[in-house]
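Biologist: I'm new to reading protein models. Could you walk me through some features?
Modeller: Gladly; let's take a look together.

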Amino acid sequence: MSAWELFVAFLLGLVEGLTEFAPVSSTGHMIVVDDLWLRSSEFLGSPVANTFKIVIQLGSILAVVVVFRQRIADLLGLHTSTRGRQNKLRLSHVLIGLLPAGVLGLLFEDYIDEHLFSLETVLIGLVVGAFLMIAADLVSGKKVKIETIDQISYRQAFSIGLIQCLSLWPGFSRSGSTISGGVLLGLSHRAAADFTFIMAVPIMMGASAISLLSKWEYFTIDMLPFFTIGFISAFVFALISIKFFLKLINRIRLIPFAIYRIILAAVIYILYF
């Protein structure tokens, strides 16, 4: 592959890593940057380009595993400290939260790949998701009952999972939908963000595996450097952005991100349409 093509992989990984865990839609940003400027589908082909946008999320997921390694070890029964035994969040909470989006993702994976990866759908997701985030912030001061993820009930985990289904629409944002849903259900912004990030590990791994298997015939060995650079880039920048975001979320909350999404949608609409 040419130097420019490998640079495209680095840039898409950068966009993915910086935006995956902010409630602004990483997939939406990658579609926008790629369609308006980088155009990876011209040398990868549309099926592989769309799969790349999903698979490099594994780099971001590795960053989550690093940041939440003790909590994940507790959930898997691999951590034996006193702190671990006191945690009330269980793996079953995570699995219940994953169930709705996991089922819908399996049922509609082909339809989403073929019909929803476009600038038009991203614009809709950005704007509608922004209004959900604004609504969550407006009611958050009256409803906060859960300060940490160890207080989450099974019912709340399932309800957050239902709201996470909105993120199957590109541009809506997985973290935007689940953090907003958690806040609407009485979680603090930090507790909602922590639960969102932990839930992201299995669901994004599953989505990447399904996409890879369904598009396997399109891949050749010369695409490996492209995917590798994208993966490493996404990991490094996601590691930076997760730590930064978790320090900020309880202080700035969601409305600044919502305003950014609306402005971004307006700029894209003016430039592209």
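Biologist: What covers the buried residues of α8?
Modeller: Keep in mind that this is a predicted model. The cover over the buried residues of α8 includes α4 (46-55), α6 (69-75), α10 (154-164) and α12 (189-214).

Biologist: Which residues of α8 are buried?
Modeller: A general idea helps here: an α-helix has 3.6 residues a turn, so residues three or four places apart point the same way. In α8, the buried residues include H93, G97, P100 and A101, and further along G105, E109, I112 and D113.

Biologist: How far apart are the end C-alpha atoms of helix α8?
Modeller: They are 34 Å apart. With 25 residues (91-115) at 1.5 Å a residue, the helix should span 36 Å, so the two values agree. Even so, look for a bend of about 65 degrees at F108.

Biologist: How do I describe two packed helices?
Modeller: You give the angle between their axes and the distance between the axes. Try helix α5 (residues 57-67) and helix α13 (residues 224-252): their axes come within 7 Å and cross at roughly 45 degrees. That angle makes α5 oblique to α13. The crossing is right-handed. Among the residues making the contact are L58, L62 and V66 of α5, with F231, F235 and L239 of α13.

Biologist: Where does S25 lie, and is S25 buried or exposed?
Modeller: S25 sits in the loop between α1 (3-19) and α2 (26-38). S25 is buried, with a relative accessible area of 3%. Its phi is near 80 degrees, a positive value in a residue other than glycine.

Conventions: Residues numbered from 1 in each chain as written. Predicted model: local features only at pLDDT ≥ 70, side-chain atom pairs only at ≥ 80, totals over all residues. Heavy atoms only, no water. Helix = DSSP H or I, 4+ residues; strand = E, 2+ residues; numbered from the N terminus. Expected span 1.5 Å × (residues − 1). Bend = angle between axes of the 7 residues up to and from the residue. Buried < 20%, exposed > 50% of the residue type's maximum accessible area, 1.4 Å probe, protein only. Contact = heavy atoms within 4.5 Å. Axes fitted to C-alpha atoms, helices over the stretch in contact; angles between N-to-C directions. Parallel < 35°, antiparallel > 145°, perpendicular 65-115°, else oblique. Left-handed = near helix turned anticlockwise from the far one by under 90°.
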